Amino acid sequence: MSADTIKEWYQILVDTFIGYYLRPYRKGTKRIPVNTSKFYFFDVGVARAAARMAVPTETMTEYGKMFENFIFTELKAYIDYNLTDDELYFWRTREGYEVDFVVERKVAIEVKTLKNITNKEVKGLRAFMEENAVKDYIIVCRELFERTTDDGIKIIPWTSFLDKLWNGEIFH
């Protein structure tokens, strides 16, 4: 299939609200960002059904992708429901640094399915910190307790994150 045909199929999914493009954050000055958008389904169940996948286990790559998709849908729903002017982006550089979600001037959010976050998982956020584009840096994960790293990155269990999000404590 040609690239144009694939783009048209994806556009149908966007036009029918089955999926959404997430544009790259490109305002950084320290590193060169990528230009390609990411695509998320409106519902992880639809994404799973479309791919004809069984329910993923914690050890499967799809588990992490679906967890990220779930957090995306919550962030998008919050922004849409509250009619904010906030724009949701992602950030990825040609060198491979990545942050899953960025709300300009407010927050950068990395999503991990891990139950124990180490220095390896904060590389992308630390690289993005050099851009001075947001106030808060968060890792949403499956750890049991909230904590903060020495350089201010908040590590928040996903259930606590959702509570904070819907209570208006994330986009301040």
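The exercises below, each with a worked solution, concern the predicted model shown above.

Residues are numbered from 1 along each chain as its sequence is written, and side-chain values use heavy atoms, with hydrogens and water left out. In this predicted model, local features need pLDDT of at least 70 and side-chain atom pairs count only at pLDDT 80 or more, while totals for chains, interfaces and linings use all residues.

**Exercise 1. The sheet**

Task: State the order of the strands in the open sheet and identify its edge strands.

Solution. Step 1: Helices (H or I, at least four residues) and strands (E, at least two) are DSSP runs, numbered from the N terminus. Two strands pair if DSSP finds at least two bridges between them.
Step 2: The open sheet has six strands in the order E3-E4-E5-E6-E8-E7, and its pairing is mixed.
Step 3: E3 and E7 (147-148) are the edge strands, each pairing on one side only.
Step 4: Both kinds of pairing can be illustrated. E5 and E6 run parallel and are joined by five bridges; valine 107 has aspartate 136 in E6 as its bridge partner. E7 and E8 (residues 154-157) run antiparallel and are joined by two bridges; here arginine 147 has isoleucine 155 in E8 as its bridge partner.

**Exercise 2. Strand E6 and the helices across the sheet**

Task: Determine how many residues of E6 are buried, which way they point, and which strands H3 and H5 lie across.

Solution. Step 1: Buried means under 20% relative accessible area, exposed over 50%, and partly exposed in between (1.4 Å probe, protein chains only).
Step 2: Six of the six residues of E6 are buried.
Step 3: In a regular strand the side chains alternate between the two faces of the sheet. In E6, Asp136, Ile138 and Val140 point one way, and Tyr137, Ile139 and Cys141 point the other way.
Step 4: Contact means heavy atoms within 4.5 Å. Axes are lines fitted to C-alpha atoms, for helices over the stretch in contact, and angles run from 0 to 180 degrees between N-to-C directions.
Step 5: H3 lies across E3, E4 (98-103), E5 (107-111) and E6 (136-141), at about 10 degrees to E4. H5 (residues 158-166) lies across E5, E6 and E8, at about 100 degrees to E8.

**Exercise 3. Positive phi values**

Task: Locate phenylalanine 17 and leucine 83, and classify each as buried or exposed.

Solution. Step 1: Most residues other than glycine have a negative phi.
Step 2: Phenylalanine 17 has a positive phi near 60 degrees and lies in the loop between H1 (3-15) and E1 (19-22). Its relative accessibility is 58%, so it counts as exposed.
Step 3: Leucine 83 has a positive phi near 50 degrees and lies in the loop between H3 (61-81) and E3 (88-92). Its relative accessible area is 73%, so leucine 83 is exposed.

**Exercise 4. Two buried loop residues**

Task: Name the contacts of proline 56 and glutamate 131, leaving aside residues up to four places away in sequence.

Solution. Step 1: Proline 56 lies in the loop between H2 and H3 and is buried because its relative accessible area is 13%.
Step 2: Proline 56 touches Arg48, Glu62, Tyr63 and Met66. The C-alpha atoms of proline 56 and methionine 66 are separated by 8.7 Å.
Step 3: Glutamate 131 lies in the loop between H4 (123-129) and E6 and counts as buried because its relative accessibility is 10%.
Step 4: Glutamate 131 is in contact with Gly28, Thr29, Lys30, Arg31 and Trp91.

**Exercise 5. Salt bridges**

Task: Give the count of salt bridges, then describe the pairs formed by lysine 115 and by aspartate 80.

Solution. Step 1: A salt bridge is a side-chain nitrogen of Lys or Arg within 4 Å of a carboxyl oxygen of Asp or Glu. The count comes to 16.
Step 2: Lysine 115 pairs with glutamate 58, their closest N and O atoms being 3.9 Å apart. This pair links distant parts of the chain, 57 residues apart: lysine 115 is in the loop between E5 and H4, and glutamate 58 is in the loop between H2 and H3.
Step 3: Aspartate 80 pairs with lysine 76 at 2.9 Å, N to O. Both residues lie in H3, four residues apart, about one turn of the helix.
Step 4: Lys38, Glu68, Arg92 and Glu98 are linked in a network of salt bridges.
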